[in-house]
Amino acid sequence: MTGPASEDLRACRALIKVALRRKLNRIAAGFARHGKKQTATVRGATPPKAAGNRVLFGVLTIGILFYSGLFTANFYSNLERVAGTPGTSGASLTAPAETAIRLAIPVLLTVVSLALLFLNAGMANRDLGQVEWSLEWLFTFPVKSRVLLLSQLAVHTLGNEWGWFIYFPFLCVSYWRAGFGYVSLLTALVCTLYLQLILAALRVFAETWLRKHLARAQLKNVQAVCTVVGIVLLFGSVWMVLGQGQQGPDALLLCGRALGAPLAWTPFAVPAQLCHGAATAVSASFVMVLYAVGFGLGGSAGAGRLIRTGLIAETGAYQGTRSPSAARRAGTDRLGWFRGIVAKDLRLLFRDRSFLVQTLFVPAAIISLQILINPGLLHAIGSSFNHAAMTAFGVGAYVLMFSASRVLVAEGKSLWLLYTLPVPIERVLLQKAVLWGVFATGFPLVVLIGSLTRLEAFEFQIAVNTFMVFLGLFIYALIAAGIGALGTNLSEDNPRRQIRPAMAYLIMFLAGFYSFAIYTPEIWNKAAMVILCSMLAYAVWQRVRDHAPYLLDPTQAPPPTISLADGLGAALAFFVVQGFCFGFLTAEGRLAPGPGLILAYGVAGISVVLLTSLILARRHVPALPERIGFRRTPEDRIPAAGKALLEGIGLGVAALVIGKAYTFGIDHVEPLIHMKEAMMPHVEQMPEGTGVWFVLLAVLLAPLFEEFIFRGLVFRGLRRSWPKGVAILASAAVFAVVHPPISMIPVFALGVATAVSFERTRLLAAPMIVHAVYNAGILLL
Amino acid sequence: MDEPIVETRGLGKRYGRFDALQGLDLDVRRGEVFAFLGPNGAGKTTTIRMLMGLLQPSSGTARILGLDCFGDRAEVKRAVGYLPDDPIFYDFLRGRELIQFVGEMHGLTRREIRQRSSPLIERFDLKDALEEYAVNYSRGMKKKLGMICALLHDPTLLILDEPTSGLDPLASRLLHELIRERAREGRSVFFSTHLLDQAEKLCDRVGILFKGRKVADGALEQLRADLAEGGSLEVVFFAVTSASVPAEGPDPGRARA
């Protein structure tokens, strides 16, 4: 016979099981491979989970727990040092120091718990403020509301991963330190559950209250505020634990002296009392039981009382009329100057506080934390304008990583609306990217102005670097938005998981690349970096444009083709492999620099040609050999092979003439001589005895590999989207900037000549001849 | 004048190994109201999403006013208004702001937007709700708002996915009137529906889809005469969508038999 009690229990068990299962699935989905183009047999099915996920998940969990424990141990030793213990290890603490630590721990526990409480209501809470609220559905079952709330309590107690990763290791180390031995593991487990229960009770009550009293749009804004408070508290506690030097721990000890005693027996701090002798431990255990029962029952009963008259705010969905005057007061017409996408995005940004917080506040908070923990950083920034400029760009790029990368995520489920408009999606995304670029200048502007006020004398370099910062931010807004759009997985429900984490790293990696442009004092290097990064931005947007039509199509992908991104990737790989090989081959005198150079060049060239061809072939690019220029299509209306050969020689000679004129001019024409002198230190002296090898490289290998990369891929990738002339000039510019500054001008001429010959003949052999003729001529003459 | 507004030839869509739509040939002419019928999962929404350029056809072509629905998707939208089955709007925009946004994206001035939208707002009785966030609207209100957005640029063709689901009887009637009106003015309407009587009342021609294939297409009268011996559209519908019909269906067991 099953009584009502056992039925409640069964319901409770089912509810807990389903909630925890949902949580695990969500975590597992985070580990699963993204990628929309799987061929599913059934429409809309979730792709099967990868086998390694659980192992990875387990390893990560253990790793985080271990790291967190280490962190705590470090914290204690730091605190002991600051509290004034004898420096020798193993010596016991002085009594006043031990008391100071004893008073500090309750403060820390309380601050951390409050941080978790606010984060639970804020960004760690996915259900609050969502359209589909699972509890609403659960209330349609024939289960008592008390059972539902108690099961919610249990779910939050067991399933709050933040608590497990913070409380458990912290308590373990604390009890171990107090001499509990292996019992500390068990004690920490029980006390973690206790703390989680208190948090859960407060959370259930707070959530219910919020739902009951606020409309959904307001809920999201309250969440945003909670996120801010939670992050500030969490960072505050991290600062108190870690703060370099003494400031943080000092502050903690100070707070402990003031608040430690009154806080000691409050719900969040009681577990710390277990450490202080048997008698205190017994009373602490007793108090904990009382708190647990009180909060558990109190929280669920309170929430139960709240929902007696209904589950959600009575004015739930549609709230009726707003008078036009109220609307005006609410600021809807303040944005009257803006139109279309810009107006829409500004409205959404300022109204959706949680979005505002995540895009603009969180990055700023993380950066401030870095400065708090590491005060030396601020000093370094203040010491020179160059540092400040680099920091300003870094801050801006960081903000862009959080904001511009979300151009597509922000459209969310309303993306269909953009497809009904007579404007290409990529143009809309581009406008959004530019808008974010403007936003991202806010924080850098503060840094730059701060640095300018400390300046003693104004130099030209300052103006240049200020310009470089803003130019860089504009370019990186495009890059971040483009990469973000490409890495967005629209089928993922959690907005925070919609962008693949790898994309965020890629954006920051590329931003690091640009910081060289600010760092280097040479104007040529700056120009080279700007050209490279702009090309990178264009490469990203070329792909965005390819993918834009397919965003809402679950199966179709753009037709495979050669993109500028392939060319830039191949060029990068070529230089990296070459550098590594050369370093390896010539290290410890394995090879002389001459053969080493040619071998490294050859290995890099062959591997890049083979690898790129393989990748493109696997992508099933149609007519691949014809596109790269290995052979020509019959219908190409172009000069015959013999004529192409002659033309190649002709163009090679033409480029050679320009090159020679330049080398002559550089020694004889006044401004050019100055330039040469300025650049000369950067021209590497050829090591002795490499001459013959160098000729072989320049006349044979360089034309082979460089033409494949710069004409076959880069120019081909550009030509797809740009008219002939622009593509020729742009590919020549890329070709020029990867060479030493002194040779950029003649190499640019060579780049134009080879691209022209490739465009005319559609055969890679032709620009190879141009290149060989040019290189041979330069070396011979 | 006889050039079709909508023209699909051999249109098909595959999701992995699942054929959602195969070999669809359709024509919708100027001034015509065309109803697209079929059971759940027959491929109606897939077809509509391809017409809107949201999906790329796996095979065949879809053209609107001679423009390719996928390749020229932005240009096509100048002539098309679209209402999805379940329109989802941005969380924090009010109804009026959404109308303004859509209008601006269509290149209309604020004055034109006001002039064109106010009679529609009046008709759909949405005036009171305009200052509310659209996400808080009921389903029916969202559809009304979506309808206003779709009509704002006075499109030659309206594509409506189950337009009356979620609408109250009054609003449904209003929508019916609107559809007829537009047809009288020489504009075309393409809509999908489950409501056979709605199709019967409104449309000039119907197409019936079943398991991704078109099983009937033509003027209502003719279909009735041919397939139901003068019976109702319901009889026609069940005649062509009963399981025995598609002999060349995707079911391999059936094909072997």
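This briefing describes the sheet of chain B, the interface between chain B and chain A, and the salt bridges of the structure. The model is a predicted one. In chain B, four strands form an open antiparallel sheet, and helix H1 of chain B lies across three of its strands, S1, S2 and S4. Chain B also meets chain A, with about 4,700 Å² buried between the two.

**The sheet of chain B**

- The strands of chain B follow the order S2-S1-S4-S5 in an open sheet, and their pairing is antiparallel.
- Strand S2 (18-28) and strand S5 (67-68) of chain B are the edge strands; each has a single partner strand, so one side of each is left without a neighbour in the sheet.
- Strand S4 of chain B, residues 59-64, runs antiparallel to S5(B) and is joined to S5(B) by two bridges.
- B:Arg63 has B:Asp68, in S5(B), as its bridge partner.
- Helix H1 of chain B, residues 44-51, runs at about 115° to S1(B), the strand of residues 6-15.

**The interface of chain B and chain A**

- On chain B, 49 residues are in contact with chain A, and on chain A 49 residues are in contact with chain B.
- The size of an interface is often expressed as the accessible area that is lost when the parts come together.
- Here the buried area is about 4,700 Å², and carbon and sulfur atoms give 59% of that area.
- B:Tyr90, B:Phe92 and B:Met105 together supply 17% of the area that chain B buries against chain A, more than any other three residues.
- The interface of chain B and chain A holds 16 residue pairs in polar contact.
- On the side of chain B that touches chain A, the elements giving two or more residues are S1, H1, helix H2 (73-76) and helix H3 (95-105) of chain B.
- H3(B) gives the largest share of that side, with seven residues.
- By residue type, the side of chain B that touches chain A comprises 25 nonpolar, eight polar and 16 charged residues.

**Salt bridges**

- Side chains of opposite charge can pair when their charged atoms come close.
- Over all chains, the structure contains 34 salt bridges.
- Within chain A, A:Glu80 forms a salt bridge with A:Arg177, and their closest N and O atoms are 3.0 Å apart.
- A:Glu80 lies in helix H2 (residues 53-83) of chain A and A:Arg177 in helix H6 (residues 161-177) of chain A, so this pair ties together parts 97 residues apart in sequence.
- Four salt bridges cross the interface of chain B and chain A.
- A:Arg339 forms a salt bridge with B:Glu104, with the closest N and O atoms 4.0 Å apart.

Terms used. Residues numbered from 1 in each chain as written. Chains lettered and ligands numbered in written order. Predicted model: local features only at pLDDT ≥ 70, side-chain atom pairs only at ≥ 80, totals over all residues. Heavy atoms only, no water. Pairing = 2+ DSSP bridges. Contact = heavy atoms within 4.5 Å. Axes fitted to C-alpha atoms, helices over the stretch in contact; angles between N-to-C directions. Buried area = accessible area lost by both parts, 1.4 Å probe. Salt bridge = Lys/Arg side-chain N within 4 Å of Asp/Glu carboxyl O. Polar contact = N/O pair within 3.5 Å; in protein donor to acceptor, adjacent residues only side chain to side chain. Nonpolar A, V, L, I, M, F, W, Y, C, P; charged D, E, K, R; others polar.
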